[in-house]
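Let's take a walk through a protein together. Have the 3D view ready, and turn it around as you read.

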Amino acid sequence: MKLGRLNHIGVATPSIADSIVFYRDVMGATTIHEPFDIADQGVKVCFVDTPGADGALTGTQIELVEPLPGNTSIAGFLEKNPAGGQHHMCYEVPDIHAAKAAFEALGKRVLGEPRIGAHGTLIFFVHPRDMGGVLTEIMETPKGGH
């Protein structure tokens, strides 16, 4: 398994609306996408683009993640971190099923089966205890870039 492109850093937040203000007014973000719900995962998400290098339109994105009612994982994170904070890092791979098999062959704990994520491509998570303390999302590279 080789490290792919860092697609985004997930940031849990108690309020996407407040986080948008922060990224726009404090961090100078100029491209903030419209928030949307992922009902089956119990979250609302919003992507914030960072500037790209070497003429690229965007760099690594920030994924703001707010729990919807009934969500326990992000809500639990926010109970421990009321102001929010870094929740996960997401890396791209060309083949999600090959990546899952490779992580499992290394004895890494894959959390669930691949499912559709916020970018509309297949994802899975790897337990932070097996990834240097970082919850890691593995995402199949979106067709056509972002």
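We'll go from the whole fold down to a few single residues.

One thing to keep in mind from the start: this is a predicted model. The protein holds three helices and eight strands. If you set off from the N terminus, you meet them in the order β-α-β-β-β-α-β-α-β-β-β.

How big is the whole thing along its principal axes? The C-alpha trace spans about 45 × 40 × 25 Å. Now for the radius of gyration: a compact globule with 146 residues would come out near 15 Å, and since this protein has 15 Å, the two agree. Of those 146 residues, 42% are buried. The surface that the protein does expose adds up to about 7900 Å², and carbon and sulfur atoms supply 57% of it. What about the contacts inside? Take those with a separation of 6 or more: 53% of them are between residues 24 or more positions apart in the chain.

Next, let's look at some rings. A pair of aromatic rings is described by the distance of the centres and the angle of the planes. How many aromatic pairs does this structure hold? There are two. One is made by F22 and Y23, with 5.1 Å from centre to centre and 85 degrees between the planes, an edge-to-face arrangement. Their surroundings are worth a look too. F22 has a relative accessible area of 39%, so it counts as partly exposed. Y23 has 15%, and because buried means under 20%, Y23 falls into the buried class.

The other pair is F103 with F124. Here the ring centres are 6.1 Å apart and the planes meet at 80 degrees; angles over 60 count as edge-to-face, so this pair gets that label. F103 sits in helix α3 (residues 96–105) and F124 in strand β7 (residues 122–126), so the pair links distant parts of the chain, 21 residues apart. Are these two residues buried or exposed? Both F103 and F124 are buried.

While you're at helix α3, find K100, which is also part of that helix. Is K100 buried or exposed? Its relative accessibility is 11%, so K100 counts as buried. Leaving out residues up to four places away in sequence, K100 touches V110, G112, E113, P114 and F124. You've already met F124 as a member of the ring pair with F103.

Back to F22 for a moment, this time on the surface. Together with V26 and M27, F22 forms a nonpolar patch there, and the three have about 310 Å² of accessible area together. M27 lies in the loop between α1 (16–25) and β2 (36–38). With 54% relative accessibility, M27 counts as exposed, because the cut-off for that class is over 50%.

Our last stop is G84, in the loop between α2 (73–80) and β5 (85–93). Its relative accessibility is 22%, which means that G84 counts as partly exposed. Which residues does G84 touch, if you don't count those up to four places away in sequence? They are A12, P14, F77 and L78. For a sense of distance, jump to L68: G84 and L68 are 16 residues apart along the chain, and their C-alpha atoms are separated by 15 Å.

Conventions: Residues are numbered from 1 along each chain as its sequence is written. This is a predicted model: local features need pLDDT of at least 70, side-chain atom pairs count only at pLDDT 80 or more; totals for chains, interfaces and linings use all residues. Side-chain values use heavy atoms; hydrogens and water are left out. Patches are made of residues with over 30% relative accessible area and no salt bridge: like charges are joined within 9 Å, nonpolar side chains (Val, Leu, Ile, Met, Phe, Trp, Tyr) within 5 Å. Accessible areas come from the Shrake-Rupley method with a 1.4 Å probe; for residues, only the protein chains shown count as cover. A salt bridge is a side-chain nitrogen of Lys or Arg within 4 Å of a carboxyl oxygen of Asp or Glu. Helices (H or I, at least four residues) and strands (E, at least two) are DSSP runs, numbered from the N terminus. Buried means under 20% relative accessible area, exposed over 50%, partly exposed in between (1.4 Å probe, protein chains only). Rings of Phe, Tyr and Trp (its six-membered ring) pair if their centres lie within 6.5 Å; planes under 30 degrees apart count as stacked, over 60 as edge-to-face and the rest as tilted. The radius of gyration is taken over C-alpha atoms; the globule rule is 2.2 Å times the number of residues to the power 0.38. Contact means heavy atoms within 4.5 Å.
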